[in-house]
Amino acid sequence: MAISPACARVSLRCLRTACGVRQLSRFLLSFGFVLFLIWFALFHVTSPALASVVLETADRPDDDGTALRLMWRGDLAEGDSLVISRAAYPDTAFSPVATVDAMRAGYTDQGLSRKITYVYKVEAAGGRTVLSEPVSPSASFLNTSRLVMLAILALYFISVLIYIKLAAGGREFFVRRISGLNAMEEAIGRATEMGRPVLYVPGIDDLNNIQTIASMVILGDVARMTASYETPIVVPVCKPFVVPVAEEAVKQGFMNAGRPELYNPDNVRYLSDEQFAFTAGVNGIMLREKTAANIYMGSFFAESLILAETGFSTGAIQIAGTANIHQLPFFVAACDYALIGEELYAASAYLSKEPKLLGTLKASDVAKVIIMVLLTAGCIAESLGLTAFAELFTAR
Amino acid sequence: MAERKTEERSLLTKLSQIDRRILFLLIFACATIPLLLGAGLRMSVTAPVQGLYDAIDGLEAGSYVWLAADYDPGSKPELSPMNYAIVEHLFRKDIKVISGSLWAPAPPLAQAVFDEMAPRHGKQYGVDYVNLGFKEGREAVMVSIAEDLRRTFPEDHSGTPLDSIPMLEGISNLQDVEMIICVSAGYPGIKEWIQQIATRYDTAIGGGVTAVSGPEMYPYIQSGQLVGLLSGMKGAAEYEQLVERPGLGIAGMVAQSSVHVMVVIFIIFANIVYFLEKRRAR
Amino acid sequence: MRTEIPVAIAFVAGMLMVVSLFVPHPFIAEPAAVMRSWAIIITAFAYVLGVANIARISLHTVKKRTTDWQYKGALVVALVAMAGVGVSRGIQTGGLFDWAYLNMYVPMQATMFSLLAFFIASAAYRAFRARSVEATLLLVVAVVVMLGRVPVGEKLWPGLPAFTEWIMEVPNMAAKRGIMIGAALGAISTGLKMILGIERSYLGSD
Amino acid sequence: MTKYILIGVVIALMVFAVASGRLSGASFGTWIAAMLTLAIFSFLYKDNPIYKFAEHIFIGLSAGYFVALEYWNVFVPNLWNPLLESFRTVSPSGLMLLVPFALGLLLFARFFPKIAWLSRWSMAAMIGSYAGLAIIGALQGDLLAQIRANMIPFLSPGSLTGLKAAAGGNAFFFAILEVLRNPLIVIGLLVTLVYFFFSREHKGGLGAVSRVGVWFLMISFGASFGYTVMSRVSLLIGRLHFLMSDWLGIIH
């Protein structure tokens, strides 16, 4: 029986954790345990009948201390099966755990307790029986197989916080031109020429959806432009909680344009919080009031294509934006401009200049550059047959 | 000549502003008539569907799968046929099925599948399959049952304690099942199972989704995080063909084809009109 | 009290979830498991809160006799009846609750979503235009996929299903992966801001 | 004109239904289901009181359904039963459940403006947990795994030999597609990421690259478009199948 590697393993584990008083006591205990193992091995394990099969047990690494691994080798043939049973030491009442194919590399026994010491018995064909040394599972403080993941997460966390801090400290961050955003002024200008109102739909989700919040920021800017053009704006709302926020955004926009007197509380209208009832209501507004510019920004679902279709048939300029990717195809096909996915957040960061939004945008941009570099490096490495690089990023 | 031109133009305008209810009627007819005629079509099986079939086929008899029924009546015509076809395959392979739902409207739908399939295959509740019902809590439930099933699901759907269900004796958490098969209509669904469970607990995941979310799943197929995937009613029909159990999936394929052709005609025709009008305007 | 405690609670709860991925030891894993089982119960309460809110708003409309109050009245009656039957008589197969689910809930929800088939068709006719290179590309691919994913496409050209699958597996997959990576970065930073209390819009205004 | 066509179609359908002589076969429940189905379908003609009534009944029913399910599948097994059990056996660990119970009740403080702020504690516990879970989900499932999955050889080794072996026609076409697979996956992801990069103006070289990114996005949106059409049509087929088989019995 392979005693010495087991001893080495146990004492190594002790040395690794031997810091602090608790660890010291544990070390001493383990030392006693090693002595015990030697005694046990001498008197229990080395019986001649078992010599042909060697059984090793080990703690399953990186876990919560509920599993042990059993590995065996020796004089075993194809088709042999092994009966594994275990007992809680020093009790010798073995209860069966599993019957496995002897050709398997090993067996992991799960659902164990750290507070119990186990002994395993493995029976092979021909009455051969082998006992393991007593062993108990241990829990790890750090899952070492996830170190790369942890490092990536920590770096990203830190960069988000740093960039938010920088933005709050007044650092100017550049945000690229977003064509849908530029088109808004043009659309509002055309509505003004035609003497018709502008329609702004902030999606059908509540404030707990971050898209709705981004939409409120953009609404403020749209309201500012409509006020400076003296063009009426209509904002139908689907969720009651959004109403006060939308009112505030429009009012603020009018104030920023220097035209607070133009603000009409009737601009923001709560229609219904039922999806299709709301849609029918918005369609009614488009058809009755002949809105010339329709802007849809926020979280949209199946109503996206119904709204865009009606708007198309009334001949309005339509600009849409949503991070609900499944609705983007319909907006792209039926509207003049669309903000795609993250562009919605970028637009709100750009317009609000809020540090927490700008900082996040910047950090995510930096992360994207790093990811692009990694992807290129990974592709080159794989092309050259170096698989170790990509292996680093395997999530476990 | 000029007169004819204006006439043509007004015809074009008329065509492009046709009452939508006429379009509705066309679609209605396209869907109804093939259903009435009821002819089946053979189809080739796509790789993601074959992937799921092979993965289930490779499971040993007596192993366990977690069948996550995460859908509601709103997508029943797409997902119920999948649920039937998958359960057919599982029962035929003598695999034990534990079904649970993160969508409240799902348990009766999952139960209906078992009620129809179990007698046909001679399967018994509590021995060969079990329906644990609904649990609120989305991702929190996923991670919880990956570590401890009974803490989160103390009882099954009808209130029987898990400890008195014979087939669950050796099952303490999701790490004891061979595979998670999720029939998923959205959030929470197959994406979240992949995110929370696939890598963290090293469990194989496969399943079916509504066609709406099908295209978003392809990155997971390429990365190997999904062993296979059925998308929409077509995916269900392909699986029905593989297990040779024709159901609503195959029955619907002719109607599906004819409506698709109609929609394609709509798009092409309308765009031709659009270009003609644009050219005229110039 | 009004902001500090909630921010502290969110921090502890969120960090437990994150840290338990990296620290398997029970001194983190056990509290994390407890926190998850608590989250399950609180979420269930949150759902009941949502229902109570619907009932409250509807009753308010009925009381004030504003537009459509009759419908809101029907809503409340249906809500109370369904919840009452379900809670008092159980949800087992074959019961009254199950009957109402199968014969009322199922057909109505399924039909509501099936309406979209008609809307998509009319939008296809009346609004989806190849007005730019991008929109043209989108519509061409849409047409190919629509034909390639049904058996009739196979009759047109036997290679169509395989070609469609290639579109799904290559260009579609690459773009969806790009969106996914961007969304993942966004989800992580938003989650971080919530856990650290930088983002507190969920707390509402004071 | 349209109106008359529609009315004509409806009458024809009804006559057809009656004539098929199977109406008596459907159960009362199926009749209710069929009527509600038609009530919702009536929205296609226009928004009308019958649709509105059915819609509100549905919202009420679904809310009521959820309450009953939360009660029997969550409150009873996960809260009441363990709490009662721990009261009986006086086990302190079970009594810990009083904490989520209290936090759950605190949510209802929202209805009372003076103590509404108390509901934030429960919101924080919930939002914090799910934010944490979302972080690790996005990290291990999407970010890391997807980056890893895109680290592939620029040219898949088998594809070139496949091209040489291809006999022409369709086989040659698909062999070319196979050769293009890996390069397009690698490039497609990079250019899509460039499109979502906001810190530089997209002009010059970067502008060209980002434009290619838009093309990839448009192809993927086209695919989603086709799939969504498929989804919606399937739902319609499911409903029509119900009407014609369960209710009218004209197909099996």
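The paragraphs below go through this predicted model, from the domains of chain A to a sheet, a helix, a contact between chains and a helix of chain B.

Chain A is divided into four parts in the domain assignment: domain 1 covers 1–46, domain 2 covers 50–141, domain 3 joins 144–170 with 357–391, and domain 4 covers 179–353. Domain 3 of chain A is thus written as two stretches of the chain. Between the C-alpha centres of domain 3 and domain 4 of chain A there are 35 Å.

Chain A also holds an open sheet of 3 strands, in the order 1-2-5, and the pairing is antiparallel. At the edges of this sheet stand strand 1 (53–59) and strand 5 (107–109) of chain A; each has a single partner strand, so one side of each has no neighbour in the sheet. On average, neighbouring strands of the sheet are turned by 25° against each other, with direction ignored. In general, the strands of a sheet pair through backbone hydrogen bonds, in either a parallel or an antiparallel way. Here strand 2 (residues 68–74) of chain A runs antiparallel to strand 5 of chain A, and 3 bridges join them. Among the residues paired with strand 5 of chain A is Leu70(A), whose bridge partner there is Tyr107(A).

Next comes helix 7 of chain A, residues 275–289. This helix has 15 residues and spans 21 Å from its first C-alpha to its last, close to the 21 Å expected at 1.5 Å a residue. Which of the residues in helix 7 of chain A are buried? They are Phe276(A), Phe278(A), Thr279(A), Ala280(A), Val282(A) and Met286(A). These buried residues pack against three strands of chain A, namely strand 8 (198–201), strand 9 (233–237) and strand 11 (293–297), and against helix 8 (303–313) of chain A. After helix 7 of chain A comes Lys290(A), which has a positive phi, near 50°.

Chains A and B touch each other. To this contact, chain A gives 7 residues and chain B gives 7 residues. On the side of chain A that touches chain B, 2 residues are nonpolar, 4 are polar and 1 is charged.

In chain B, helix 6 (residues 138–147) is mostly covered, with 10 of its 10 residues buried. Its buried residues include charged ones by name, among them Arg138(B), Glu139(B) and Glu147(B), as well as Val141(B), Met142(B) and Ile145(B). The cover comes partly from chain B, where helix 7 (149–152) and helix 8 (190–198) contribute. Other chains are included too: helix 2 (26–64) of chain C and helix 6 (119–149) of chain D help cover the buried residues of helix 6 of chain B.

Notes
Residues are numbered from 1 along each chain as its sequence is written. Chains are lettered from A and ligands numbered from 1 in the order in which they are written. This is a predicted model: local features need pLDDT of at least 70, side-chain atom pairs count only at pLDDT 80 or more; totals for chains, interfaces and linings use all residues. Helices (H or I, at least four residues) and strands (E, at least two) are DSSP runs, numbered from the N terminus. The expected span of a helix is 1.5 Å times one less than its number of residues. A residue is buried if 20 or more other C-beta atoms lie within 10 Å of its own, exposed if 12 or fewer, and partly exposed in between; C-beta atoms are placed from the backbone. Two residues are in contact if their C-beta atoms, placed from the backbone, lie within 7 Å. Domain bounds come from an automatic or database domain assignment. Two strands pair if DSSP finds at least two bridges between them. Axes are lines fitted to C-alpha atoms, for helices over the stretch in contact, and angles run from 0 to 180 degrees between N-to-C directions.
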